[in-house]
Structures are given as structure tokens and as C-alpha cells.
Amino acid sequence: MPEGKKQFPVVIFSHGYNGYKTDFDRSAKYFSANGTGAFCYTFCGGSTRDQSGFPTTEMTLFTEKEDLEAVIDELKTWDCVATENLYLFGASQGGMVSALAAEEKQADIAGLILLYPAFCIADNWNERFKNPEDIPDQEELWEMTLGRKFFESIRNFNIKEQIGKFGKNVLMMHGAEDQIVPLDYSIRASEWYKNARIEVFQKEGHGFSEDGNRRMEAMALYFLHDCIRLPFF
């Protein structure tokens, strides 16, 4: 929370696949030092470090979306939150989840910041498991075990049909050398939104360098300056 303020804008940080609530601690502190609150959390079943008790094998993009929507609803009840200035910040899978939640919660969200959003998730898994009978009961990826529900929930999922109606400001930041989520996904998605802009980070991959992260934070803060109404700054 920013010091000396009774009410302030808030950014909700959503981590990526098998991430954790502390992944964006430095960015959260940067925002709070500049007048904006930051809320960081761990998706239920979205990390091997999650303490909710919800198994990773039950997690899907849509259970994570429900988690984020619950966070939004909770923050709207806090007196310190300027509810007309509530923002979503999502990285990788958390970026995709944030984009999905923004569509449904448009009335509650003032802006959307997406960091190399993983809009390729459904395409990747559906290409790997071409038929329903190909789907395994469990699959391990990057030291975390996914369950059948994850893959079944994204059958026939078309990202273009799911996002793009969010009409408020959107900032997308993506590395030109991303080997996990091709840059083209963000370029195309930026064209679906009415008020989106994309910043391409040269020589950056999926997960930015320290210099890239500091640049990302500055761009995100300028974005908030453009969105947030005075007197918060």
C-alpha cells in the first residue's frame, strides 16, 4: 500500500504457470512507492508452492479465472481501494487469465496490462493431443503435474472468440525472442482490442532480464498515469 494515502488505485498481479505470489514483489513495491497499491496472490492449484490445498491436477484456466474474479470482488469491498481505478496485470498464463477475466469483469476493471500473455496455451495442447482419447489423466510440465480437466476444458477453445471486447486501455509487452509464446500471438491480439498498444522488447525472451523488467515497470507506470484520474498522482 502507498504510504500516507487513505484511498488509492490498485493493480492485481497474476503470476504465470507454476509461479507464486512473490514473483512480482519488486514491481509491486515500485508501484506502491509511486502511489498505486499492488495485490499479489497465488492461484489455487496454480503452483507447487500453493498452500490452498487445491491440487494442481484440478486447476484449469477457468478455475484460475474464478480465483482472479474472487480477488476483484474482495478488493471492491476494501475502503482503501479506489474501485474506479482497479487494474489487472498478468504474466504468461496469468496474462491469459487476466484477459479472460477482464472480458467478464469489464465494468470493474479500468485497464489491463499483459506481460507476454500465453494466448497460445489452447493451440499448443490441442495440437499435442489432437483427439480426446489422446488426453492423459496426468501430464507433467515444468515440474508441475496437470490433470485431464486442464486439457478437456480447452478443447475447441479459440482465443480470438474469447477476448477483444474489453474496450478500455490495454498495454501489452512481449519479448521479440520469446521461445515459449510467439510474439505473433500478442501482435494479433493487440489488433482485436479497441484501445490496445503493444511494446516489443528487443533481445528479451519469455521472462525479462533485470533491465527489461525495470523498463517494463516504467512503461506500466506511465500507462497507469494515462489511465488514472487525479488526484491520485
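**Exercise 1. Place H15 and describe its surroundings.**

Step 1. H15 is buried, because its relative accessibility is 2% and the cut-off for buried is under 20%. The model used here is a predicted one.

Step 2. Find H15 along the chain. H15 sits in the loop between strand 1 and helix 1 (25-33).

Step 3. List what H15 touches. Residues up to four places away in sequence are not counted. The contacts are Y20, K21, D23, Y41, T42, F43, G46, A91, Q93 and G94.

Step 4. Look for a polar partner. A polar atom of the H15 side chain lies 3.1 Å from the backbone nitrogen of F43.

Step 5. Compare chain distance with distance in space. H15 and S98 are 83 residues apart along the chain. Their C-alpha atoms are separated by 9.9 Å.

**Exercise 2. Work out the order of the six-stranded sheet and find its edges.**

Step 1. Read the order. The six strands form an open sheet in the order 2-1-3-4-7-8, with parallel pairing.

Step 2. Find the edges. Strand 2 and strand 8 (196-201) each have a single partner strand, so one side of each is left without a neighbour in the sheet.

Step 3. Add the twist. Neighbouring strands of this sheet are turned by 20 degrees against each other on average, direction ignored.

Step 4. Recall how pairing works. Strands of a sheet pair through backbone hydrogen bonds, either parallel or antiparallel.

**Exercise 3. Walk across the sheet, pair by pair.**

Step 1. Start with strand 2. Strand 1 (residues 8-14) joins strand 2 through four bridges, and the two run parallel. Here I12 is opposite F39 of strand 2.

Step 2. Move to strand 3. Six bridges pair strand 1 with strand 3 in the parallel sense. V10 stands opposite L86 of strand 3.

Step 3. Check how covered strand 3 is. Nine of its eleven residues are buried, so strand 3 is mostly covered.

Step 4. Go on to strand 4. Strand 3 and strand 4 run parallel and are joined by five bridges. A91 faces L115 of strand 4.

Step 5. Finish at strand 8. Strand 7 (residues 169-175) pairs with strand 8 over six bridges, again in the parallel sense. M172 stands opposite I198 of strand 8.

**Exercise 4. Which helices link or cover these strands?**

Step 1. Follow the chain from strand 3. Strand 3, helix 3 and strand 4 form a right-handed β-α-β unit.

Step 2. Follow the chain from strand 7. Strand 7, helix 7 (residues 183-192) and strand 8 also make a right-handed β-α-β unit.

Step 3. Lay helix 2 on the sheet. Helix 2 lies across strand 1, strand 2 and strand 3 (81-91). Its direction is at about 165 degrees to strand 1.

Step 4. Lay helix 3 on the sheet. Helix 3 (residues 93-104) lies across strand 1, strand 3 and strand 4 (111-115). It runs at about 140 degrees to strand 3.

Step 5. Pack the two helices. Helix 2 and helix 3 meet at an angle of about 65 degrees, with their axes 9 Å apart. Their crossing is right-handed. Residues making the contact include L61, F62 and L68 of helix 2, and M96, V97 and L100 of helix 3.

**Exercise 5. Describe how helix 1 packs against helix 8.**

Step 1. Take the geometry. Helix 1 and helix 8 (residues 210-227) pack at an angle of about 35 degrees, and their axes are 11 Å apart. The crossing is right-handed.

Step 2. Name the residues. Helix 1 contributes R26, S27, Y30 and F31. Among the helix 8 residues are E210, R214, L221 and L224.

**Exercise 6. Set T56 and S186 side by side: are they buried or exposed, and what do they reach?**

Step 1. Place T56. T56 lies in the loop between strand 2 (37-40) and helix 2 (61-75). With a relative accessible area of 16%, T56 is buried.

Step 2. Trace its side chain. The T56 side chain reaches the backbone oxygen of T145 at 2.6 Å. Beyond neighbours within four places in sequence, T56 is in contact with G45, S47, M144, T145, L146 and G147.

Step 3. Place S186. S186 belongs to helix 7. It is buried, at 0% relative accessibility.

Step 4. Trace its side chain. The side chains of S186 and H174 share a polar contact of 2.7 Å. Not counting residues up to four places away in sequence, S186 touches P117, M172, H174 and I198.

How values were computed:
Residues numbered from 1 in each chain as written. Predicted model: local features only at pLDDT ≥ 70, side-chain atom pairs only at ≥ 80, totals over all residues. Heavy atoms only, no water. Buried < 20%, exposed > 50% of the residue type's maximum accessible area, 1.4 Å probe, protein only. Polar contact = N/O pair within 3.5 Å; in protein donor to acceptor, adjacent residues only side chain to side chain. Contact = heavy atoms within 4.5 Å. Pairing = 2+ DSSP bridges. Axes fitted to C-alpha atoms, helices over the stretch in contact; angles between N-to-C directions. Right-handed = clockwise from strand over helix to strand, strands pointing away. Left-handed = near helix turned anticlockwise from the far one by under 90°.
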